[in-house]
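Subject: Predicted structure for your review

Dear colleague,

Please find below the structure that I am handing over to you. A summary of the findings follows it.

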Amino acid sequence: MTDKEEGRIARLNAAAQDAVKHAQARYSHFRVGAALETEEGKVIIGSNVESSSYGLTICAERVALVKALSEGITRFSAISIYAEKFDFCPPCGACRQLLYDYAPDLTIYLTNGKQYKTYRLKDLLPLAFDESQLKAQ
Ligand code: THU
């Protein structure tokens, strides 16, 4: 990997770690930050936002995605995820599905602030449901 590529990933991971400071996690105390990178290299951050009606909680990854989409930003290359209390926190099933709907070729970096692990969303959501099933009707 080139130094430029390593630098890009390091910046994205740092943005995810930084995003955790905005986490609204007063019920679980499990604070998560995410940084979503567009194909043009722009970074949109998100943090988890919890509700006293627990099921309304939104994960950091979906906050970042919805922020971007609602601003007309629709093409993504990677997302980095950081959790304060857990090394290499994987995205939940709901986030995998929504990310897949908008960015099936996404690269996922899980970071603990010091190291990171790299995954492909396609590998984390095999046999994904998507628009092709809807079109087949
Ligand atoms: N959470 C995330 O924000 N992202 C994940 O990848 C896993 C879980 C949040 C949701 C909830 O606020 C807390 O972590 C505990 O589930």
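Is N112 buried or exposed? N112 is buried, because its relative accessible area is 13%, and a residue counts as buried under 20%. Please bear in mind throughout that this is a predicted model.

The loop around N112

N112 is found in the loop that connects β4 (107–111) with β5 (116–120). Its side chain has two backbone nitrogens at short range: a polar atom of the N112 side chain lies 2.9 Å from the backbone nitrogen of K114, and a polar atom of that side chain lies 2.7 Å from the backbone nitrogen of Q115.

T111 belongs to strand β4. With a relative accessible area of 2%, T111 is buried. A polar atom of the T111 side chain lies 3.0 Å from the backbone nitrogen of G113, and a polar atom of the side chain is also 3.0 Å from the backbone oxygen of Q115. Q115 therefore meets both side chains, through its backbone nitrogen in the case of N112 and through its backbone oxygen in the case of T111.

The ligand

Which residues surround the ligand? They are S28, F30, V32, N48, E50, T57, C59, A60, E61, P90, P91 and C92. By class, this shell consists of 7 nonpolar, 3 polar and 2 charged residues.

Polar contacts to oxygen atoms of the ligand include the following:

- E50: a polar side-chain atom lies 2.5 Å from a ligand oxygen.
- E61: a polar side-chain atom lies 2.6 Å from a ligand oxygen.
- P90: a backbone N or O atom lies 3.3 Å from a ligand oxygen.

On its own the ligand has 370 Å² of accessible area, of which the protein covers 80%.

Helix α1

Helix α1 runs over residues 3–19 and has 17 residues. From the first C-alpha to the last, α1 reaches 24 Å, close to the 24 Å expected at 1.5 Å a residue. Its buried residues are I9, L12, N13, A15, A16 and A19. Why can these be said to line one face of the helix? Viewed down the axis of α1, the buried residues fall within an arc of 155 degrees, so they line one face. As background, an α-helix has 3.6 residues a turn, so residues three or four places apart point the same way.

On the other side of α1, the residues D3, K4 and R11 are exposed. For D3, the relative accessibility is 72%, so D3 counts as exposed. Between the C-alpha atoms of D3 and I79 there are 19 Å in space, while the two residues are 76 apart in sequence.

Helix α2 and the loop after it

A64 lies in helix α2 (residues 60–70). Its relative accessibility is 0%, and A64 therefore counts as buried. A64 and E37 are 27 residues apart in sequence, with 9.7 Å between their C-alpha atoms.

E71 is found in the loop between α2 and β3 (76–83). In contrast to A64, which is buried, E71 is exposed, with a relative accessible area of 56%. E71 and S132 are 61 residues apart along the chain, and their C-alpha atoms are separated by 26 Å.

Two residues with positive phi

Most residues other than glycine have a negative phi. Which residues here depart from that pattern? Two that do are H29, whose phi is about 60 degrees although it is not a glycine, and F88, whose phi is near 60 degrees and likewise positive.

H29 is found in the loop between α1 and β1 (32–38). With a relative accessible area of 45%, H29 is partly exposed. F88 lies in the loop between β3 and α3 (93–102). At 15% relative accessibility, F88 counts as buried.

When you open the model, you may wish to begin with the ligand and the side chains of E50 and E61, and then turn to N112 in its loop.

With kind regards

Note on methods
Residues are numbered from 1 along each chain as its sequence is written. This is a predicted model: local features need pLDDT of at least 70, side-chain atom pairs count only at pLDDT 80 or more; totals for chains, interfaces and linings use all residues. Side-chain values use heavy atoms; hydrogens and water are left out. A residue is near a molecule or strand if one of its heavy atoms lies within 4 Å of it. A polar contact is a pair of N or O atoms within 3.5 Å; within protein, one must be able to donate a hydrogen and the other to accept it, and residues adjacent in sequence count only if both atoms are side-chain atoms. Accessible areas come from the Shrake-Rupley method with a 1.4 Å probe; for residues, only the protein chains shown count as cover. Ala, Val, Leu, Ile, Met, Phe, Trp, Tyr, Cys and Pro count as nonpolar, Asp, Glu, Lys and Arg as charged, and the others, Gly among them, as polar. Helices (H or I, at least four residues) and strands (E, at least two) are DSSP runs, numbered from the N terminus. The expected span of a helix is 1.5 Å times one less than its number of residues. Buried means under 20% relative accessible area, exposed over 50%, partly exposed in between (1.4 Å probe, protein chains only). The arc is that of the directions from the helix axis to the C-beta atoms.
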